[in-house]
Each structure stands twice: as structure tokens, then as C-alpha cells.
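Please work through the following exercises with the structure in view, trying each task before reading its solution.

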Amino acid sequence: MARKEKIQGSKIAAGLTRRQLIELNACTRCAECRAWCPVYAQDEREVITARGKLDSLRRFVDGTLTEEKREDFINALYECSACGQCHVVCPVRIKTHELWEQARLSLVNAGIPQPAGQIKELAAIKEFNNPFGKPRNERPRWAQMAWKAGLLKSPVPIWGERPASVIYFPGCMASYEPSLQPIAVQSARLLQEAGVDFAILGEDEPCCMSKLRRMGDPAFPEEARKRADQFTLMGVDTIIVSCAGCYKGLRSDYRRFWPRAQKVVHLSQYLDQLFQENRLSLKWKTPAVVTYHDPCHLGRHNQVYDEPRRVLQSVPGVKLVEMPRHREFSCCCGMGGGLKAVSPEIQHKMAAARVREAETIGARAIVTPCQTCYLGLLNGTKEASSSLKVLHLNELLVRSICPDVTHESVKNALASTKS
Amino acid sequence: MRESTVCPSDSKTSSLIWLSEVFLQRQLFMMSFPRWIIHILIFYGFIGLSLLSIANWILNAAGYLTVSSTLPRFYLRPEGYLFVKIWGDSFGMILLLGLAMASIRRFMQQEARETSNQMDIILLVLLLSITLSGFALEGLRLAVMPAGISRYSYVGHFFSPPGRHALEQLRPWLTACWILHFSLVATLIAYVPHSKLMHSLLAPVIIGMNASEEHQRGDLYWPEKKKYREARSPRG
């Protein structure tokens with residue numbers, strides 16, 4: 001159905017929960033969301049802010065939103081990274097990010113589709129089980145190539161061939177994207193260094209489908225249930241993820257379908273535990289003044305703030321300096337919520353703003369434990385023409401534990417193995 | 001593997017959080033002290049006057065129905081009337097002060113001006129008109145009352161026309177002022193469902209839901225004040 005067609009407000013209301021309908025009217029219009037919104041800072045339109053979207057959505061539901069403003073609102077709803085900063089600063093604590101996701105779903109169910117960029121990405125995820133439209137058999141290739149290149153202590157077992165109670169789940173980004181594959185290799189190597197008995201799912205590794213939820217695709221519950229059933233049948237004890245998006249998807253979004261979602265941990269949490277158990281030892285000094293970027297899905301949405309910081313600070317020679325906006329107030333890099341698929345230029349500007357923030361405190365590198373944020377921040381350094389280094393948390397650890405698998409060396413080794 | 005921090009649900013703590021968020025408006029206090037003062041003055045002024053109106057209505061109804069003759073008589077006649085006057089004037093003054101500060105902020109401060117829309121202005125003007133017309137009505141009433149009573153209306157006194165007047169003399173003014181005040185109040189009540197004032201009814205509900213959830217997660221509701229302020233400094 002075209003966006004211009006008349007949609008009854010009751011159809012939109014039917015897709016929202018009672019609580020969300022109350023929230024539409026609970027906004028105090030204090031404008032605090034406007035002061036903090038990282039998207040508004042790049043595109044100063046009132047409708048972008050949480051209070052602007054809440055007001056428009058309320059009018060949409062009431063049937064009093066004009067045609068022109070409806071179009072503005074729909075665009076603004078998707079021009080949002082659903083980072084949740086507005087939720088944290090809202091005096092009423094309206095659960096904004098959940099509301100935006102639910103509103104997107106409600107709009108789709110009412111016949112208003114997502115923007116073209118998101119539709120394309122969603123179609124690829126549903127058809128190929130990854131957003132790149134690549135075949136399944138390419139998924140575990142990073143592990144095979146890394147073993148061939150001598151980057152691992154032993155081959156990474158595939159769960160179907162040799163089951164283990166611990167699963168490493170690199171996710172689509174680190175499995176397929178060549179610039180991120182070193183993160184998967186480093187993760188596997190660090191687990192091997194600690195003597196963890198783990199496996200990967202290989203070709204059977206599913207996409208977590210969290211993007212379906214972020215972009216309001218109605219197929220999410222069914223797809224999530226399928227994956228939850230798969231994990232239940234496997235009987236795994238722990239799933240380690242190295243992507244904050246997968247973490248939010250598997251742990252938070254799957255919670256209502258999968259009671260064992262609590263068994264999903266982020267790599268930074270797992271590494272922290274390994275350090276506490278003295279299973280990993282840091283050998284070489286890595287002098288660096290770094291700052292830490294809290295991924296929204298890990299921090300604000302799941303309250304994982306301390307573990308990655310502890311890991312980072314345990315590296316000898318590393319000095320951690322905090323940016324003015326950190327922890328609950330960390331400024332989004334723009335990679336979440338499907339924003340990049342809709343408006344890459346806004347994502348680049350948001351990441352550039354974050355990079356500049358890191359520069360102002362004298363950091364030489366910005367460290368993040370999320371591969372998606374890593375990619376987003378790299379866009380930011382290009383946009384800001386900055387010399388600031390973007391590092392994944394793994395990078396500092398491998399420099400101190402196993403310096404033969406630094407990002408650059410793994411990238412080059414994988415490229416030469418491939419050729 | 002260790003689970004992330006999850007505090008057990010505790011109804012006492014959740015209730016305390018709700019009370020501090022709704023009645024002390026802690027979150028607003030952390031956001032901005034001037035805004036907190038303005039909001040708290042308007043909030044308590046409004047609540048105080050609403051309670052007075054409700055009490056008056058009940059006492060009058062009880063008086064008519066002679067349910068309990070002593071209590072209504074005490075408060076509606078000179079012996080206890082001073083409590084009503086002091087209560088009304090105090091909360092009226094609190095409300096007026098809050099509204100005056102809100103007007104200054106809304107019209108003089110650049111950030112507030114930029115974020116204001118028609119609704120903000122309409123509500124502010126409406127609330128100011130209701131408060132001022134209430135005091136004008138009070139002043140007119142004092143002008144036809146014995147001097148002994150009027151001294152308890154320490155704010156309304158300033159709105160009273162000079163000298164003593166007979167009731168008949170001021171009746172048209174009293175009626176007009178009452179109609180104006182009543183109409184403005186009725187307008188406000190009719191406007192509430194279409195305005196941001198709905199938050200006064202619904203925000204406590206959402207805060208209550210969040211208080212228990214966020215306490216269970218052990219995360220957001222008690223961020224350290226200092227950290228919050230430090231983090232907020234770089235805007236946009």
C-alpha cells in the first residue's frame with residue numbers, strides 16, 4: 001500500500017500495546033530528548049526528536065495528523081537509530097526505543113512499508129540468512145582460512161561435527177565482511193588461548209534476525225522462535241557473541257520465546273570472567289591512551305558497562321580516558337535501528353561527531369567491543385578526516401597476549417589465503 | 001558464566017522510587033534546578049488548590065445535606081475560615097510564583113523559546129489567567145467581608161479594591177469575575193485531554209511501571225548525580 005493512502009489511526013493503535021498508547025500522552029514536552037538526540041544534532045528537525053515523534057504518532061492514532069506531516073513523521077521514524085538515549089534522559093522514562101520499533105511494525109502491518117533501503121536489506125536477510133546476500137557455505141570460511149594461515153592454535157570445530165557446551169557466534173558481520181573477519185579470528189584465538197572448549201555453528205549458524213525487529217518486520221517472532229528452538233535442541237550452555245546487535249537480539253529480543261536467552265553472553269563479559277579465573281595472561285605491554293565507546297545495544301539496552309572497561313584496563317600500558325558522554329549517556333555512532341540503510345550520510349555524521357568527541361579528550365584510539373560500531377566509527381574517522389584509530393577490544397588484548405593475530409596481520413593473511 | 005546484575009523485585013524500593021519521582025521529581029531536579037523549582041511550585045500550587053476546591057465542594061455538600069453540621073460549619077464560617085483562607089492564598093501564591101518564573105523562562109530564555117510551541121504558550125497563559133482571575137475573585141469577595149476575616153487572605157488582600165463595599169454594590173463584578181474564572185477553569189479541563197497536561201495524569205502511571213522494571217534490572221533509576229551532570233555538558 002502506498003504511503004499516501006489514507007490509513008486509519010485505529011489500525012496503528014491496534015499494533016501498539018496499552019502501555020505504549022499511554023506513553024503517547026505521557027510526554028511532558030520538556031525537550032530534554034532534543035538536547036541529547038544524536039540524530040537531531042545532525043538533522044535539526046523537531047519531528048526527529050522523541051517528543052516530536054510522540055506527538056506525531058499520537059496525532060496519527062487520533063486521526064488528526066495531516067498528510068504532509070504524516071510523511072515527515074514516517075521518514076523521521078526510520079531516521080532514528082533507536083539508540084535509547086531519549087529513554088534515559090526522559091523524566092517520565094518513556095520506553096522510546098521499544099515504542100519506535102513497535103510503531104514501525106504497526107505501520108507495516110497497517111500497509112505502510114519500510115523505506116526502500118531497509119526493504120532490500122530485510123529481503124536479503126530472509127532469503128540468504130545474512131544481510132549481504134551471500135551463500136551459507138561462506139559463513140565459516142573465516143575459520144578455515146585462519147587455520148590455513150596459521151592464525152589459530154587448532155582448527156575451530158563445527159558444532160555439527162563436534163558438539164561443545166560453549167558456542168562462539170560471530171554473527172553475519174564478522175563472518176562475511178572481510179574488514180571484520182579479523183575480529184572473529186581474534187575472538188576464536190583468545191578463547192583458544194584461555195583453553196575454552198568451544199565450537200562454531202558453521203553453515204548452520206543462523207542470522208539472529210534482530211534487524212527484523214529493529215526495522216519492524218512482522219516475520220520476526222516466527223523467525224526468532226525457529227532459532228530459539230534450534231538452540232534449545234542443541235542444548236548449548238553458553239553462546240558467546242561478539243556483536244552488540246546480536247547480543248541484544250539473542251538475549252533481549254528472544255527472551256519472550258526462549259527462557260535460556262540468559263545464557264547468551266557478550267565476548268567482553270566472557271573475557272572478563274576468564275581474566276578473573278586467571279585463564280588468560282597478558283604478557284606484552286601495549287602503551288596507548290584510549291577511550292571506550294559504549295555500544296547502545298550493550299550499554300543502555302543491556303547495562304553492560306563495567307566488564308568491557310575492566311578488560312580494557314587490565315591490558316598493561318593502556319590508559320583509559322572517558323569521553324564526556326559515556327555509559328548511559330554514550331553518544332550513538334548511528335549503526336543501529338536500520339538508520340544506515342535509510343540515511344548513510346546521517347550515520348557518517350553521527351560517527352564523525354563521536355570521533356571528534358574522542359579527539360577532544362586527547363585519546364589516540366577509540367575502542368569498542370562491537371564489530372558493527374567498529375565499522376560505524378571507521379566511517380566516522382573518514383567523514384571527520386581524523387587520524388584517530390578505531391580499535392576493537394580484541395585488538396588490544398591480542399597485542400598483549402598473541403601479537404601474531406593483530407587486525408592488520410589477520411586481514412593480510414586472510415586476503416593472501418583467499419587469493 | 002555470571003549473569004548480569006539483576007536485583008530482586010522489591011515493592012518497598014519501587015514505591016520509594018515512585019514517590020521520589022512523582023512527589024519530589026528527582027529526575028527533573030537532576031536535569032535542571034531552575035526547571036525543577038518552577039515545576040515543583042506549579043505542581044504543589046495546583047495540588048493544594050485542587051485539594052481546597054475538593055474539600056470546599058465536600059464541605060458545602062455536607063453542609064447542605066446536614067451530614068455533619070459541626071465540621072462544615074467550622075470551616076465555612078469565620079471560626080475555621082482562616083485555615084481555608086491561609087491554605088488557599090499560600091498555594092495560590094506558590095502557583096503564581098511558579099507560573100511567573102515559567103513565563104520568564106519561556107519568553108526570555110533562548111533555549112526555552114526555541115523549544116516552545118503554541119500549546120506551551122496557550123497553557124501558560126491559561127494557567128496564569130486562572131490564577132489571576134482566582135485572586136481577583138478573592139479580592140472582590142474580601143471587599144464585601146468583615147475586615148477581621150480578610151486579614152488572613154494575605155495575598156488576595158492585594159487584589160481587593162480599596163475600602164469596604166456592600167455586597168449589592170459589587171455583585172455584578174463578583175458575578176462577572178466568577179463566570180470568567182469558572183469559564184477559564186472549564187476551558188482548561190476541556191483542553192487537558194488534547195494537551196501536554198495529560199502527563200500530569202499519565203506520567204505517574206508510566207513512572208510507576210518503569211520504577212519496578214528498572215529497579216529489577218538494577219540500572220537506570222539511580223544514576224549518580226555528579227556523573228549525570230558531567231555527562232550532559234557537551235550538547236548536540
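**Exercise 1.** Find where Gln303(A) lies in chain A, and decide whether it counts as buried, exposed or partly exposed.

*Solution.* In this predicted model, begin with the loop between strand E5 (288-292) and helix H16 (306-314) of chain A, for this is where Gln303(A) lies. Next, look at the backbone, where Gln303(A) has a positive phi of about 60° although it is not a glycine. As background, most residues other than glycine have a negative phi. Finally, turn to the surroundings: a residue is buried if 20 or more other C-beta atoms lie within 10 Å of its own, and exposed if 12 or fewer do. Because Gln303(A) has 18 C-beta neighbours inside 10 Å, Gln303(A) counts as partly exposed.

**Exercise 2.** Carry out the corresponding steps for Arg29(A), and decide whether it counts as buried or exposed.

*Solution.* The loop that holds Arg29(A) runs between helix H2 (18-26) and helix H3 (32-36) of chain A. Its phi is near 60°, a positive value in a residue other than glycine. Arg29(A) counts as buried because 21 C-beta neighbours lie inside 10 Å.

**Exercise 3.** Trace the partners of strand E1 (residues 166-169) of chain A, and then follow the strands into the nonpolar core.

*Solution.* Strand E1 of chain A runs parallel to strand E2 (residues 198-199) of chain A, to which two bridges join it. Four bridges join E1(A) to strand E3 (residues 238-241) of chain A, again in parallel. Val166(A) shows both pairings, since it stands opposite Phe198(A) in E2(A) and has Thr238(A) as its bridge partner in E3(A).

The largest nonpolar core has 136 residues, and those with the most contacts inside it are Ile167(A), Ile239(A), Ile240(A) and Val241(A). Helix H18 (residues 344-360) of chain A gives the most to this core, with seven residues. Leaving aside residues up to four places away in sequence, Ile239(A) touches several residues, including Ile167(A), Phe169(A) and Leu250(A).

**Exercise 4.** Describe how domain 2 of chain A meets domain 3 of chain A.

*Solution.* First take the bounds from the domain assignment, which gives domain 2 as 119-274 + 407-418 and domain 3 as 283-403 of chain A. The centres of these two domains, taken over C-alpha atoms, are separated by 21 Å. To the contact, domain 2 of chain A gives 28 residues and domain 3 of chain A gives 28 residues. On the side of domain 2, the elements that give two or more residues include helix H10 (171-176) and helix H11 (181-193) of chain A. The residues of that side divide into 11 nonpolar, nine polar and eight charged.

Technical notes: Residues numbered from 1 in each chain as written. Chains lettered and ligands numbered in written order. Predicted model: local features only at pLDDT ≥ 70, side-chain atom pairs only at ≥ 80, totals over all residues. Domains from an automatic or database assignment. Contact = placed C-beta atoms within 7 Å. Nonpolar A, V, L, I, M, F, W, Y, C, P; charged D, E, K, R; others polar. Pairing = 2+ DSSP bridges. Core = buried A, V, L, I, M, F, W, Y, C linked by C-beta atoms within 7 Å.
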